[in-house]
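The following note sets out comments on the strand pairing and helix packing of the model under review. Please read the points alongside the sequence and coordinates.

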Amino acid sequence: MDDRANVAAVLEEYLAGKTPVYAVEFRMRCKDGRYKYILARGMVVSRDGAGNALRMIGTHTDISERKQLEQKLQLAASVFTHAREGIMIIGTDGVIIDVNEAFSLITGYSREEAIGRFPRFLHSGRHDPSFYADMWQQLVEKGHWYGEIWNRRKTGEIYAQMESISSIRDAAGNISQYVSLFSDITTLKEHEKQLEHIAHFDALTGLPNRILLADRLRQAIVQAQRNGDILAIVYLDLDGFKAINDSYGHEAGDRLLTAISARMKQALREGDTLARIGGDEFVAVLPELADADSSIPLLERLLTAASDPADCGDLMFNVSASLGVTFYPQTEEVDADQLLRQADQAMYQAKLAGKNCVCRFDADQDSYIRTRHESLNRIGQAMLGREFVLYYQPKVNLRSGALVGAEALIRWHHPEKGLLPPSEFLAVVEDHPLAVEIGEWVIDSVLTQIQIWHEAGLRIPVSVNIGARQLQQKDFVERLRQLLVAHPEVAADCLELEVLETSAIEDIGHVSNVIYACKELGIAFALDDFGTGYSSLTYLKRLPVAMLKIDRSFVCDMLDDPDDLSILNGVISLAAAFGKQVIAEGVETEKHGELLLQLGCELAQGYGIAKPMPAAAMFDWYQQWRAKA
C-alpha cells in the first residue's frame, strides 16, 4: 500500500489521543495495477486497563471519482489564475460573472470593475450591430465563435484581440455559462500592417509598387466594365536619368526620383494611381475618363511634372519623360498584363519619336499581328506536343437506323484551357503551312482509327474535312496516295473527303481535277455546308462530288422558318436531279428527323443523334443506338 508512512502517522496520532477522530486519505493499488483513492475512518471501541487500544472498527470508502473531480477543479482554477490569455465567464443573461488577472492586464479593468457588467463596455465602435448579432447567432447555433475583434482599453486605446467564445452546458444539456478566451494581437496587427506596406509600396518614393499596381489595375478594369467609362494606362520612362545616375551617383539619382515622383503624383487626380515599377519607370492608371481625349490634360501635366527642373539640394537636374498610353476597353478583350505591355510598347515608340512626348498604342494593328504570331507558335507547339485529338460524330440512316459512317472532327486538348473546338484555332492557320501539316495528320490518324475499328468489327467509312490551302497544294493527290500506302489494310473507299462549297468554287477547275483524281484512287468527295455559297447548277455539274451536306443553319431553323424549309426542299430535289446523295447536318430533335424523312432526306448527323465523341466511345454508343433503333 502506497502512502503507508502518512497513514501510520495519522493512526499513531489518533491512538496517542492527539486527534479526536481517525480519518485519512490514501492511494491503494488494486490487483489490476490501477490506483484508487480511499478514505479511511475509524474509532477505538476497546482499551485495556492502561488505556491502550485493543480493538478498532472503521470503514474504507472509494473516493476516486471525487478526487478526480477535485483535481480537475484545481487544474481549472490554476489555468484561470495563471493563463496568459484573458478569460471572461459570462452568464446566460450576458453579464460578466468572473474574469482572470490576464483580463485586467489586457483591458486595464480590475476584476471588481468588470463583474456584473455587460461586455459592451469594451466595445471599440469599429463593429456595427450586425457583427455582434452574427456572433451571438453562431454561439446559439454552433456553440462557439472564433475571430478577430477590436476592443477598447480603459485608457481609451483601441486594440485588436483574437477571441474564442464557447458555450458551457450543464448535465441536462442547457447552456449555463459562456467562456471567452482572448489574447492581445495589436502588435501582430501592426507588424502585419508594416509588412503589407513594405510588400505594396516602393521604399524610396512611397508610391505603390508593381504588386499593388496589379491590384489597382484589376480593380480599375472591373470599374470600367461596370460603369462603361474609359480607363487609361500610362507607361512613363525618364529621359536622361541614367546619365545623372552615372555622373552624380545613386544618392543624387534617388533624390531626383523622389522629387519627380512627388510632382507627378500631385499632377494627377485623387482617384488616379501612380506606381514605380523599377528604376526610372513608372505606371499611371487613370480611371473614369469620358473618352480617350479626356486623358490629354492629365498626360500633359505628367510630362510637365517630369520635365520641369528638379531642385535636389545643391544640385539642379533637368530631365524629361517618354510616355506610352493605351486604353481600356478595346475591340478585343485584354487583361491587365496585356495593357501594361501595350503601354510599354507605346512608350518605346515615344523614345524612337524623339522622347519628351506621348505615343498612343494602336490596339487594332498590334492585336492582329501579335495574336496571330503567338497563336501560330502555340499551335506549332501543340502539333509537336501531340495535343490535338480527333472526335467522331456518327452519321445514320434515319429510316433504317443504320450507322452509315462518321465524321472526324479535330479538337485541341489544351493543357490550360481544356478541350477547344476547331473554331478556336483553325482559322489562325487557314493561310499558313500549318494548315497542310494538320490536315495530313488528321488523314493519317483517321486511317489508323479505321484500321482499329475494322479489326474490332466496326466497318464504317469516315469523312475528313479538307481545308482550302491543303486542297490547293499541287502534290495533294500524291500526298494522299502516300498516306494510303502507309495504311495498306485500309481500303480507299473507307475514307471520304469533305470540302467547303466556298473553298471549292474559288478555283473550281483545280478542285474538279483533284476530285476526279481522288475518284480514281477510290475516294469520294462531299460538298460541305451546301447552300451557304453560290450553289450554282454549273458548279454542281462541274464538281463530281458524291454527296451534298446541307448546312446546319438551314436544318436547325427549318421547323420555324418557312424560307429555310423551302431551301431544304430545293436542295434535296436538286441533289436528286443530279443523282447525288444528300445528308443533313444539325439534326437536334426527333421532329427534325421526321421532317427530313418527309422531305426525302434519309441521312443525317447532329446532336439529336450523337455529339462528337472520342473514338473509344463509339462502340458503346453504337450498341445503345442499335438497341433503340
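1. The model is a predicted one. In it, helix H7, which spans residues 210-227, lies across four strands: E9 (230-239), E10, E11 (281-289) and E14. The direction of H7 is at about 20 degrees to that of E11.

2. A second helix, H11 (residues 336-352), also packs on the sheet. H11 touches E9, E11, E14 and E15, and its direction makes about 140 degrees with that of E14.

3. The sheet beneath these contacts deserves a description of its own. It is open and has five strands, in the order E10-E11-E9-E14-E15, with mixed pairing. Its edges are formed by E10 (273-278) and E15 (358-360), each of which pairs on one side only. From one strand to the next, the twist averages 20 degrees.

4. How is the edge strand E15 joined to E14? E14 (residues 320-328) and E15 run parallel and are connected by three bridges. Within this pairing, Leu323 has Val358 of E15 as its bridge partner. As general background, the strands of a sheet pair through backbone hydrogen bonds, in either a parallel or an antiparallel sense.

5. A further group of strands is arranged around E17, which covers residues 403-414. Is E17 mostly covered or mostly open? Ten of the twelve residues of E17 are buried, so the strand is mostly covered, where buried means a relative accessible area under 20%.

6. E17 pairs with E16 (residues 388-397) in the antiparallel sense, over nine bridges. In this pair, Val396 stands opposite Leu403 of E17. The two strands form a hairpin, with five residues between them. Gly401 lies in that turn and has a positive phi of about 80 degrees.

7. E17 also takes part in a hairpin with E18 (residues 418-420). Three residues separate E17 from E18, and the antiparallel pairing of these strands extends over three bridges. Here His414 has Gly418, in E18, as its bridge partner.

8. Which strand runs parallel to E17? It is E19 (residues 462-466), joined to E17 by three bridges. Ala406 stands opposite Val462 of E19. E17 thus has antiparallel pairings with E16 and E18, together with a parallel pairing with E19.

How values were computed. Residues numbered from 1 in each chain as written. Predicted model: local features only at pLDDT ≥ 70, side-chain atom pairs only at ≥ 80, totals over all residues. Heavy atoms only, no water. Buried < 20%, exposed > 50% of the residue type's maximum accessible area, 1.4 Å probe, protein only. Pairing = 2+ DSSP bridges. Axes fitted to C-alpha atoms, helices over the stretch in contact; angles between N-to-C directions. Contact = heavy atoms within 4.5 Å.
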